[in-house]
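Biologist: Could you take one part of this model and walk me through it slowly, as you would for someone in the first year of study? I would like to follow each step of the reasoning.

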Amino acid sequence: MFGIQPLPSVRLTLISDVLHAPYSGMLPGHVAGFYGYDECHIDLRSLAEFAGCQILIDRAIAIDINKNLVICQTRPPVNFDLLSVDIGSTPATLSVPGAAEYAIAAKPVPEFLASWNQLISEIPNPPQKPLRIAIVGGGAGGVELALNMQSRLGKEEGRRKREEGRGNKEEGIRKREENLENLSSEIHLFHSGAKLMPAHNHRVRRRLEEILISCGIQLHLKEKVCAVKKIEKETNPQFPTDYQISCKSGLELECARIFWVTQASAANWIRESGLAADSNGFMQVNDCLQSVSHPNVFGAGDIAAMVNYPRPKAGVFAVRQGKPLFENLQQFLLEKPLKPFALQEQYLGLIGTGNKRAIASRGSFMWESALLWYWKDWIDRQFMQKFSHLPNPRNTK
């Protein structure tokens, strides 16, 4: 939007720790194998070039709010007159011993995807033992991740079986029978509550629980994970079981990978910088997305907490904040009054079930259909096309 409506004498700088930003709306589909990498990532270098924006590939680790400096991990501090913070969130792990060291957090997304794609590439053919995966967190994110992971693993298993059957027919049949007797993957979903997805209505929760069970995903409800540890093994098989998850009830499970999809938490340096933050460390902003303590700092997405409109950490709200954020950044720079806006109370949640179907959830409403998945697919692709077909900035006014 700054590229389409530039302001004279304003220099833009984008600080990002990745060159390709993942679009979270297409993340579950990418995990399931429905989208390739380029289809669900935004090329930030070409976007910055279009907007006449300097891009710095680095990680912001602090803000010197008194000197108007963003402190980066590897490069000198970056000066600013106006700052917009949209660094997202990460699952809360620090309270569980071993989780930060050994579990794979669902966010930041680039690190999660790198771990997932590495896991897929390392699955041996044929598998020597079942691949066991644990997912901690029974909210919508954990449920959708479990279903899409199961879908992808099923595709990989089918592909290996087809490859085995291309050679000697009798040998191929024998190997397929062995694989059917020894399933090559297990997914275990851990949730501390008695019901999955507490933010959704009972029909949605009940239906998704049925789907999870029918897919062979093992549910561990009312199981509070209290520790994660690495298992030291004398032998090193081709695909070792390296980790153990322990629950307060005494339940223990060995698994190859542990994915963490629990309640969102904020980067510590937001509060440490002196910016006003809520009890969970998220930056407090007013109805104009402006910091309540520092007028020249704005925030949006997961890292921001609108004081008058508290909402769950959901991508739909970050997308809705995009246009008001742009308008208020320009209003601030032009020294004009800011424009308040309100987030809606309810929103339509679409949970993909890993089979090109989706469940819609809004308040007490539920609808399950393949049409929902294809509708969302169309919306997501239209959104991403904006970034792959950028207009020539010299031809915009």
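Modeller: What follows is a close look at one helix, α7, and then at some aromatic rings elsewhere in the chain. Please keep in mind throughout that this is a predicted model. Helix α7 covers residues 202-214, and its 13 residues, at 1.5 Å a residue, should span 18 Å; the C-alpha atoms at its two ends are indeed 18 Å apart, so the expected and the computed values agree. Within α7, the residues Val204, Leu208, Ile211 and Leu212 are buried, and because these four cover an arc of only 100° around the axis, they sit on the same side of the helix. A general rule helps here: an α-helix has 3.6 residues a turn, so residues three or four places apart point the same way. On the face of α7 that is turned away from this buried side, we find the exposed residues Ile213 and Ser214.

The two ends of the helix also deserve attention. At the start of α7, a side-chain oxygen of Asn201 comes to within 3.0 Å of the backbone nitrogen of Arg203, while after the helix comes Gly216, which has a positive phi, near 85°.

Let us now turn to the aromatic rings, of which a search of the whole structure finds ten pairs. In one of them, the ring centres of Trp373 and Tyr374 lie 5.2 Å apart with their planes at 85°, and since an angle over 60 degrees counts as edge-to-face, that is the name this pair receives. Trp373 has a relative accessible area of 11%, which is under the 20% limit and therefore makes it buried, whereas Tyr374, at 45% relative accessibility, counts as partly exposed. Both residues belong to one aromatic cluster, which they form together with Phe34 and Tyr35.

Another edge-to-face pair is made by Phe383 and Phe387, with 5.3 Å from centre to centre and 70° between the planes. Both of these residues lie in helix α10, which covers residues 370-388, and they are four residues apart, about one turn of that helix. Phe383 is partly exposed at 25% relative accessibility, and Phe387 is likewise partly exposed, with a relative accessible area of 23%.

How values were computed. Residues numbered from 1 in each chain as written. Predicted model: local features only at pLDDT ≥ 70, side-chain atom pairs only at ≥ 80, totals over all residues. Heavy atoms only, no water. Expected span 1.5 Å × (residues − 1). Buried < 20%, exposed > 50% of the residue type's maximum accessible area, 1.4 Å probe, protein only. Arc of directions from axis to C-beta. Polar contact = N/O pair within 3.5 Å; in protein donor to acceptor, adjacent residues only side chain to side chain. Phe/Tyr/Trp six-rings, centres within 6.5 Å; stacked < 30°, edge-to-face > 60°.
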